[in-house]
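Let's take a walk through a protein model, one piece at a time. Have the sequence and the 3D view open as you read.

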Amino acid sequence: MRIKDVRVHVLEAELDQPFSWSLGWARTRTALLVEIETADGLIGWGESYGPARPNAAVVEAMKPLLIGADALAGEALWEQLYAAFRDHGQKGLPVQALSGIDLALWDLRGKHFGAPAHRLIGGPVRSEVQAYATGLYRREAGDPRAYLAEEAAGYAAKGFAAMKLKVGFGVAEDALIVRAVREAIGPDVALMIDANHGYDATRAIRLGRMIADLDIGWFEEPVPPEDLAGYAEVRAQQPIPVAGGECEFTRFGFRELLGRRAVDVVQPDTCAAGGLSECLKIAAMANAHGIRYVPHVWGTGVALAAALQLLAV
C-alpha cells in the first residue's frame, strides 16, 4: 500500500469570546490536519498539535520522503523521518509534524485491516474513559471568582465528575479562586489545576500548600518544562500530585522526566510527542516507572480520537 499524496489543512477561526491562561490570550483557535492518500484510494487523517502554519511547513518538508513509501511500514517511516530531521529538531515542530503523519498512517492501517487502532495494538484494556471538563479560563471582563464558580457549577450540573481550572495569576488570587470553585462544585467532583508553567518552584510550592485542604487531583505544569529540578522540588515540598509533559517530546525526552520521577502524572500529547507509535513507547516507560499516564489533548475530534485509541490500551 503505497503513499500517493500528503496534504495539510490549516483550520483557523476567530473566537467569539477571547480567553486567557497564565502566559497569554487566545483570540483564535487553530489546528493542523494531515491527510495521507494511498495509491489504492484509502485516506488517513492525523493531527499535529502546536502552531498550525509552521507545523504545516514541516509536514510539507517531510512529504518527499513519504511519497511512494509503504504506508503500512509505520515504524520504519517514523525512524526515517525522525533521523532526517534529528540534527535540527529532536523536539518541537519536527516532532509535532511527525506526530500528525504517524497518526494518519495509523488511520490508514486501521482502514486497510478493517479494525480500529487499539485492536491492532492488542486492546482494548478498557472500553470507557472518564472525561473531565477543560475550561475555566479567564475572560476580558467580570469577577473571575464569580464567573469561574458559575461555569464550574454548570459543568457539574451537566454531569462532569471532574474538571480543570487555570491558575498562574498570582498565588493569593489563585488560592481564593480555587477555593471559590471548590465551594461551587462541592466535595465529590474532582478538581485539578493547571498553571501552564506560569510559576517558579517557590510560588508553586506556596500555592500548593495554601490549597492543600481542597482535595486537588493534580497540579499541572507548575513550573517551566525545562526545570526538572523545579518539578521535583514542587513534588517534594507540597502535597498535591504534580503533572506535566505536554511540552516534552519522544521517548528520549520522557526518559529523563520519568527517570527523575519529576511528576506523579505524565501527560504526553499524542499529536505532539511523536504520534501513537511513540506514545505507546512512552506509556510503557511510564508503566515501568509506576507513573500515571493521562494524555494531553487540545485540538479537533481527530486529536480526541487518537488519544482514545491510546487510552483504550
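What follows is a short tour of this predicted model, from its sheet to a few single residues.

## The sheet

Let's start with the strands. Seven of them form an open sheet, in the order β4-β5-β6-β7-β8-β9-β10, and the pairing is parallel. At the edges sit β4 (133-134) and β10 (292-293), each of which pairs on one side only.

Now look at the β10 edge. Strand β9 (residues 265-266) pairs with β10 in the parallel sense, over two bridges. Here valine 265 stands opposite arginine 292 of β10.

## Strand β7 and its partners

How many of the five residues of strand β7 are buried? Four of them are, so β7 (residues 216-220) is largely enclosed by the rest of the structure.

On one pairing, β7 goes with strand β6 (residues 190-194): the two are parallel and share three bridges. Isoleucine 193 has phenylalanine 219 in β7 as its bridge partner. β7 also pairs with strand β8 (residues 242-244), again in the parallel sense, this time over two bridges. In that pairing, glutamate 220 is bridged to alanine 243 in β8.

Helices link these strands into units you can trace by eye. β6, helix α7 (residues 201-210) and β7 make a right-handed β-α-β unit. Carry on along the chain and β7, helix α8 (residues 228-237) and β8 make a right-handed β-α-β unit as well.

## Two helices side by side

Here's a handy bit of background: two packed helices are described by the angle between their axes and the distance between those axes. For helix α5 (residues 144-157) and helix α6 (residues 171-185), the angle is about 35 degrees and the axes are 8 Å apart. Their crossing is right-handed.

Which residues meet in this contact? From α5 come Pro144, Arg145, Leu148, Ala149, Ala152, Ala153 and Ala156, while α6 brings Glu173, Leu176, Ile177, Ala180, Val181, Ala184 and Ile185. Sorted by class, that makes twelve nonpolar residues, two charged ones and no polar ones.

Let's zoom in on alanine 152, which lies in α5. Is alanine 152 buried or exposed? Its relative accessibility is 0%, and anything under 20% counts as buried, so alanine 152 is buried. Leaving out residues up to four places away in sequence, alanine 152 touches Leu136, Met163, Val181 and Ile185. Glutamate 278 is another story: it is 126 residues from alanine 152 in sequence and 34 Å from it in space, C-alpha to C-alpha.

## Some unusual backbone spots

Most residues other than glycine have a negative phi, and most peptide bonds are trans. With that in mind, here are some spots to look up.

Glycine 123 and proline 124 are joined by a cis peptide bond, with omega at about 5 degrees. You'll find proline 124 in the loop between α4 (117-121) and β4.

Leucine 136, one of the residues touching alanine 152, has a positive phi, near 55 degrees, although it isn't a glycine. Leucine 136 is in the loop between β4 and α5, and it counts as buried because its relative accessibility is 0%. Glutamate 221 also has a positive phi in a residue other than glycine, near 40 degrees. Its loop runs between β7 and α8, and with a relative accessible area of 2%, glutamate 221 is buried.

## Two more loop residues

Asparagine 196 is in the loop between β6 and α7. A relative accessible area of 10% makes asparagine 196 buried. Which residues does asparagine 196 touch, not counting those up to four places away in sequence? They are Trp21, Ser22, Leu23, Lys166, Glu220 and Glu221. You've already met Glu220 through its bridge to alanine 243, and Glu221 through its positive phi.

Finally, go to alanine 73, in the loop between α1 (52-66) and α2 (74-85). Alanine 73 is partly exposed, with a relative accessible area of 27%. Try finding aspartate 143 from there: alanine 73 and aspartate 143 are 70 residues apart along the chain, and 54 Å separates their C-alpha atoms.

Note on methods. Residues numbered from 1 in each chain as written. Predicted model: local features only at pLDDT ≥ 70, side-chain atom pairs only at ≥ 80, totals over all residues. Heavy atoms only, no water. Axes fitted to C-alpha atoms, helices over the stretch in contact; angles between N-to-C directions. Helix = DSSP H or I, 4+ residues; strand = E, 2+ residues; numbered from the N terminus. Left-handed = near helix turned anticlockwise from the far one by under 90°. Contact = heavy atoms within 4.5 Å. Nonpolar A, V, L, I, M, F, W, Y, C, P; charged D, E, K, R; others polar. Buried < 20%, exposed > 50% of the residue type's maximum accessible area, 1.4 Å probe, protein only. Pairing = 2+ DSSP bridges. Right-handed = clockwise from strand over helix to strand, strands pointing away.
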